[in-house]
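Work through these exercises with the sequence and the 3D view side by side. Each task is followed by a stepwise solution.

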Amino acid sequence: MMAPETFIPLPGNKEDNWPSFNRYRVSYLVYLLIYPIPWLIHGSATIPAVLFSIGALAVFLLLYFAPYRDDRYYGLPEIVLTALLGFATSWTEADWLVFNIYATAMCACFQRPRQAILTILGLQAALFGFVWLQNKSMLHAAFGAFFSIITYIGTWMQWKLGMQNLQLRKAQHEIRTLAATAERERIARDMHDLLGHSLTVISVKAELANRLFETQPDRARRELQDITQIARTSLKDVRDAVTGMNGASLQHELEHARKALEAASITLTVHHDNHLADHPQSSVLAMALREAVTNVIRHSGARHCIISFDCDAAGQPCAIRIEDDGAQQSGRAPSPPQEGNGLRGMRTRLAAAGGSLMLNHTPRGLRLTASITP
């Protein structure tokens, strides 16, 4: 037989949970149908007994539902009052032991097993003592005590299962929240890298086209065509990043870097780029290359950039070094690099793939090394 009590606090707003919770609680009131069975069998109901029983049941319903108005569990006062209602209705000749069953089941809400066991023993001792003083059937009391304990065990098992389900729901909610946060951070990093690089190249090419408009109109037209193509490619990259399908290619990004640096009048030297083979993690290095080249164009003031690739035994790239001569061009000692959103996003992306990012000063400028474990 199912237990008449399961005390499971529901997550979320109480107003949102109350309708379904109320239906759940009402379904266990079916056990109150046991109360008038002796009246129906023996025809012993009297008007005073019926009226008194109705009042007792009304008080019980207040105790049954009241704790959840304040979002608290049943306590010892509710349990004792429920048991006393049974003793108070014993003269009605109804099955008043049902109140002892409810009171015993309420003990399942105690967090400490010792407290629950002591309360249950106290309830059953009070039951037998009351029956002995009233010269009532000890067999009936024994049956009621046995059924009360069985009901408590079932209720306790449901309580533990409900708490485990609640913890599982909370864990699932936290996982969904963390996943949504991680996805927002991923999109933010990708948007920064994609749009930062594309807008930088578009800006450089637009300035170049403006300077060449009078003297070299054909080249200026080609630069404008490049701007159009870059804008279309960037739009596709943004859509892919939003849907999580971004798979940047090292060869593709290296070609973009050549064009962007050329437009910015920065000479590019590439080492060990022969037979670059893309692999599942090469997109992380490709995004790092894109952000590093963008920083060289924007902030370094360099006139020469060197990109070097390190590959593993299988020929797959596992590290990229980007060096510039910005300090040599400016004639000033290099200052400590300030990590903005781009570098922080690059570091996070590499760390998630098991890689690392290093920034070092050289006599000529700044060296950035992005590595990843094959």
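**Exercise 1. Find which side chains of strand β1 (residues 267-271) are buried and which are not.**

Solution.
- Step 1: Apply the cut-offs: buried is under 20% relative accessible area, exposed is over 50%, and partly exposed lies in between (1.4 Å probe, protein chains only).
- Step 2: Leu268 and Val270 point to one face and are buried.
- Step 3: Thr267, Thr269 and His271 point to the other face and are not buried.
- Step 4: Look across to strand β2 (residues 304-311), which pairs with β1 in the parallel sense over five bridges. Pairing requires at least two DSSP bridges. Ile307 in β2 is the bridge partner of Val270.
- Step 5: Note the ground rules. The model is predicted; local features need pLDDT of at least 70, side-chain atom pairs need pLDDT 80 or more, and totals for chains, interfaces and linings use all residues. Residues are numbered from 1 along each chain as its sequence is written, and side-chain values use heavy atoms, without hydrogens and water.

**Exercise 2. Check the span of helix α4 (residues 76-88) and list its buried residues.**

Solution.
- Step 1: The expected span is 1.5 Å times one less than the number of residues.
- Step 2: For the 13 residues of α4 that gives 18 Å, and the end C-alpha atoms are 18 Å apart, so the two agree.
- Step 3: Glu78, Ile79, Thr82, Ala83, Leu85, Gly86 and Phe87 of α4 are buried.
- Step 4: Their cover includes α3 (47-65), α5 (97-106) and α6 (113-133), with contact meaning heavy atoms within 4.5 Å.

**Exercise 3. Where do Arg367 and Glu323 lie, and how many residues apart are they?**

Solution.
- Step 1: A salt bridge needs a side-chain nitrogen of Lys or Arg within 4 Å of a carboxyl oxygen of Asp or Glu. The whole structure holds six.
- Step 2: Arg367 and Glu323 form one, with the closest N and O atoms 3.4 Å apart.
- Step 3: Arg367 is in strand β5 (residues 366-372) and Glu323 in strand β3 (residues 317-324), 44 residues apart, so the pair links distant parts of the chain.
- Step 4: Arg367 is partly exposed at 26%, while Glu323 is buried at 17%.

**Exercise 4. What is the phi of Asn135, and is the residue buried or exposed?**

Solution.
- Step 1: Most residues other than glycine have a negative phi.
- Step 2: Asn135 is not a glycine, yet its phi is positive, about 55 degrees.
- Step 3: Asn135 sits in the loop between α6 and α7.
- Step 4: Its relative accessibility is 71%, so Asn135 counts as exposed.

Notes:
Helices (H or I, at least four residues) and strands (E, at least two) are DSSP runs, numbered from the N terminus.
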